[in-house]
Amino acid sequence: MRIDRAGWPFITGPLVPAALAAGAGRPRAVRWVTLPFLALSAYMALFFRDPDRRCDSTTPPDDDVLSPADGVVMVAGEPQPGVAPEGDWQQVSVFLSVVDVHVNRSPYRGEVVESSYRRGSFLAAYRKESAHRNERSELWLRDGDRTVVFRQIVGVLARRIVTRTGPGQRLATGERMGLMKFGSRMDVFLPPECTITVTKGQRVRGGETVIARWPAAT
């Protein structure tokens with residue numbers, strides 16, 4: 001299992017006090033002192049896991065929009081009030097719990113034509129207000145006349161957004177582009193001509209689940 005490089009400080013950090021305790025205490029005491037640190041390190045390895053998905057080996061169909069993250073669909077269709085960019089959009093939002101894979105993927109292919117980062121609050125990501133009040137990173141993807149907007153939004157535990165792309169870079173559908181640390185949400189905004197293929201409450205997998213489709217080119 002691949003581990004995202006951002007996770008190694010969190011994985012190795014708890015091992016230092018565990019090693020110090022192991023070298024200083026009696027065997028029975030060592031077990032109780034080191035166990036919490038070892039458990040924390042194991043959880044961090046789980047959190048920062050980066051599994052391969054179908055899109056890594058097979059190019060998705062041209063009209064498919066994939067989920068950018070693992071989690072549960074919070075919104076599917078009409079956008080939440082005051083959340084979408086200006087214009088006419090549909091919204092798909094995915095809530096990531098602290099046990100979901102937190103590596104983020106591009107929902108569609110195209111050139112990053114605009115990016116922005118905004119500081120904000122750290123409300124629980126499942127709350128409606130988090131969409132416009134929480135800290136977030138926003139990317140606009142364009143491929144010909146097709147535009148998709150998506151956001152990384154932190155939650156009550158997430159304190160840092162990692163975005164590994166920017167204007168001028170081209171992304172493939174499902175390509176890894178960053179991660180969020182410790183519980184968060186991702187919003188995807190699609191034009192009205194797209195057909196939403198997921199429903200509220202549905203579990204999705206980043207880079208695999210089709211959340212929407214463009215009308216087939218004629």
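How many strands form the open sheet that includes β9 and β13, and in what order do they lie? There are 8 of them, in the order β9-β5-β6-β7-β11-β3-β2-β13, and the pairing is antiparallel. Please keep in mind that this is a predicted model. Below is a friendly tour of that sheet, a second open sheet of 3 strands and a negative surface patch.

**The sheet of 8 strands**

- The edges are held by β9 (170-171) and β13 (203-204); each has a single partner strand, so one side of each is left without a neighbour in the sheet.
- Strands β2 and β3 run antiparallel and are joined by 5 bridges, and one residue pair to look up here is G77 with its bridge partner Q91 in β3.

**Strand β7 and its partners**

- Strand β7 covers residues 146-154, and 9 of its 9 residues are buried, so the rest of the structure largely encloses this strand.
- In a regular strand, side chains alternate between the two faces of the sheet.
- For β7, both faces are covered: one side carries R146, V148, F150, Q152 and V154, the other carries T147, V149, R151 and I153, and all of these are buried.
- With β6 (residues 136-143), β7 pairs in the antiparallel sense over 8 bridges; D143, for instance, has R146 in β7 as its bridge partner.
- The hairpin of β6 and β7 has 2 residues between the strands, and G144 in this hairpin takes a positive phi near 65°.
- With β11 (residues 184-190), β7 pairs in the antiparallel sense over 6 bridges; here the bridge partner of R151 is D187 in β11.

**The sheet of 3 strands**

- This open sheet has the order β1-β14-β12, with antiparallel pairing.
- Its edge strands are β1 (64-66) and β12 (195-196); each has a single partner strand, so one side of each is left without a neighbour in the sheet.
- Strand β1 pairs with β14 (residues 210-213) in the antiparallel sense over 3 bridges, and the bridge partner of D64 is R213 in β14.

**The negative surface patch**

- Four acidic residues, E78, D88, D145 and E193, form a negative surface patch.
- Where does D88 sit in the chain? D88 is found in the loop between β2 (71-77) and β3 (90-96), the two strands that are joined by 5 bridges.
- D88 counts as exposed because its relative accessible area is 56%, where the cut-off is over 50%.

Key
Residues are numbered from 1 along each chain as its sequence is written. This is a predicted model: local features need pLDDT of at least 70, side-chain atom pairs count only at pLDDT 80 or more; totals for chains, interfaces and linings use all residues. Side-chain values use heavy atoms; hydrogens and water are left out. Patches are made of residues with over 30% relative accessible area and no salt bridge: like charges are joined within 9 Å, nonpolar side chains (Val, Leu, Ile, Met, Phe, Trp, Tyr) within 5 Å. Accessible areas come from the Shrake-Rupley method with a 1.4 Å probe; for residues, only the protein chains shown count as cover. A salt bridge is a side-chain nitrogen of Lys or Arg within 4 Å of a carboxyl oxygen of Asp or Glu. Lys and Arg count as positive and Asp and Glu as negative; His and the chain ends are not counted. The place of a charge is taken as NZ of Lys, CZ of Arg, CG of Asp or CD of Glu. Helices (H or I, at least four residues) and strands (E, at least two) are DSSP runs, numbered from the N terminus. Buried means under 20% relative accessible area, exposed over 50%, partly exposed in between (1.4 Å probe, protein chains only). Two strands pair if DSSP finds at least two bridges between them.
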